[in-house]
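Here are a few exercises to work through with the model open on your screen. Try each one yourself before reading its solution.

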Amino acid sequence: MQHQPIRRAPGALPSTEPVWRVTAAPAPLLPALRDAVETDVLVIGGGIAGATTALHLAEAGVATVLLEAGQIGDGATGWSGGLVAPDYIRHTPETIGRVFDRARAERLTRMIGRSGRAVFDLIERHGIDCDAREEGFFAPAHTATLAETQRAVANQWRSRGYAVSFVEGERIARAFGVDRYVGALHFAEGGSVNPLGYVRGIASAALRAGAALFADSRVLSLTRQGDRWLAQTGEGRVSAKRLVLAANGGNAGLHPALRRTALPLHVIQFASEPLTPEERAMILPEGGAFTDKVPYLFTARIDGFGHLISAFATSLLVRGERAQLREAQRRLRQHFAALPDPRIAHLWEGVAWLNSSFLPELYDLRDDAIVIQACNGRGISINTALGIEVAAMLATGDRDALSVRPRVPAPIRLHAGAAMLPKVLMSLAYLSN
């Protein structure tokens, strides 16, 4: 990997490019589509879900074309925090049984519980250069009540065979360099990656497996003609028997049934200048990554170049680059005594697309078309797992390969107001922080 540490002049604003643009391994050189192409499966979207699906279809011998509007990883993937978190957002292995029948709930839990392992196995199998760190993912508890709940959740995972434990507060203080949590859930098969390097590596593996990938090939129209799907780009056209939409937030622009089915959560991501050896010895000295459970959540991890990477959700009260920079510095000072004067090198805005269920979704558009819409802040691991499963289903025709049952999409009620709700809630959380 090529990397020159960025050290900003006093008073200068950080780079608005994600740190991954500096540290990721090079992208495969992909052409734009300029011909008429026929294939079995067309995948639209060059993020983790689309690239993983294309790779596994090609490995199964299925003729596959992938179209990406920009470059591989240009969407939410390349602007994310890169956390590998094999956990639910709102549910546990027990509470999900109140949403689905027991068999379906256990199947979903297995997919999520194995999703971190799926990421690191894929990286190892294809030799992907993406600063992979299987150092564990933590979900810290800030109150004794939450800690007690987390202990029970650890037992739920462990009883199903997963390497999940609850780590008590004294140990967490040493491991994090933060003295504000009473303990934490620990997912041993979690961690972090350079998300842009990860998806570029998957795309390169898909090319080697025989998939045809095209960049700078935005789909301008998508129609059904006879028994085939036709996708028109600026200079080319794809005719496919089957279709996978994997553009996440961009799915709404590809098919009318997907309008108003997801909500954007805008997140300010930031990366410090590389920590000094003294700072590194005090902050996450044992590695790992964490996201806590407070309403105005805090997250932290360190990459292979020594950048401390964190984030906060956008609100109505922190606006503009300088205000966002001050908030990033305040948050690091608040959590890490070893950083009285944080130096921010990169500060950028990403977006996590949320389903109203906070669960991964597959949508059935009929006519041999399926949609992956699964970010919810867990896109690295869950989109990897779903891409593998969707490819297996398409290659074999066996819908039992899917842990998520495809359903007909339905718009979120009062979508415009619901889309503003995350920012309003984060504003209230900011005031209480």
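**Exercise 1.** Which residues have the most contacts inside the largest nonpolar core?

Solution. Keep in mind that this is a predicted model. Start with the core itself: the largest one has 77 residues, and L108, V193 and Y198 have the most contacts inside it. Next, pick V193 and skip its neighbours within four places in sequence; its remaining contacts include W20, V84, F120, I123, Y198 and I380. The list isn't purely nonpolar, as D131 and R301 are among the contacts of V193 too. Finally, look for a second, separate core: it has 30 residues, including A184, F290, F336 and L339.

**Exercise 2.** Find the aromatic pairs, then work out how the rings of F290 and F298 are arranged.

Solution. The total first: there are 12 aromatic pairs. Warm up on W157 and Y162, whose ring centres are 5.5 Å apart with 85° between the planes. Planes over 60 degrees apart count as edge-to-face, and that is the label for W157 and Y162. Both of these residues are buried.

Now for F290 and F298: their centres lie 5.9 Å apart and the planes make an angle of 50°, so the pair is tilted, between the cut-offs of 30 and 60 degrees. Are these two buried or exposed? Buried means under 20% relative accessible area. F290 counts as buried because its relative accessibility is 0%, and F298 is buried with a relative accessible area of 0%. To finish, zoom out: ring pairs link F290 and F298 with F138, F176, Y181 and F336 into a cluster.

**Exercise 3.** Place W229 in the fold and find what its side chain reaches.

Solution. Locate it first: W229 is in strand β10, which covers residues 228-232. Then check accessibility: a relative accessible area of 4% makes W229 buried. Its side chain reaches the backbone oxygen of D367 at 2.7 Å. For a sense of distance, try E134: it is 95 residues from W229 along the chain, and their C-alpha atoms are separated by 40 Å.

**Exercise 4.** Decide whether the radius of gyration of the protein chain agrees or disagrees with a compact globule.

Solution. For 433 residues, a compact globule would have a radius near 22 Å; the protein chain has 21 Å, so the two agree. The C-alpha trace spans about 65 × 50 × 45 Å along its principal axes. As for burial, 58% of the residues count as buried. Round off with the secondary structure, which comes to 10 helices and 18 strands.

Definitions and conventions
Residues are numbered from 1 along each chain as its sequence is written. This is a predicted model: local features need pLDDT of at least 70, side-chain atom pairs count only at pLDDT 80 or more; totals for chains, interfaces and linings use all residues. Side-chain values use heavy atoms; hydrogens and water are left out. Rings of Phe, Tyr and Trp (its six-membered ring) pair if their centres lie within 6.5 Å; planes under 30 degrees apart count as stacked, over 60 as edge-to-face and the rest as tilted. Buried means under 20% relative accessible area, exposed over 50%, partly exposed in between (1.4 Å probe, protein chains only). Helices (H or I, at least four residues) and strands (E, at least two) are DSSP runs, numbered from the N terminus. A polar contact is a pair of N or O atoms within 3.5 Å; within protein, one must be able to donate a hydrogen and the other to accept it, and residues adjacent in sequence count only if both atoms are side-chain atoms. A nonpolar core is a set of buried Ala, Val, Leu, Ile, Met, Phe, Trp, Tyr and Cys residues joined through side-chain atoms within 4.5 Å. Contact means heavy atoms within 4.5 Å. The radius of gyration is taken over C-alpha atoms; the globule rule is 2.2 Å times the number of residues to the power 0.38.
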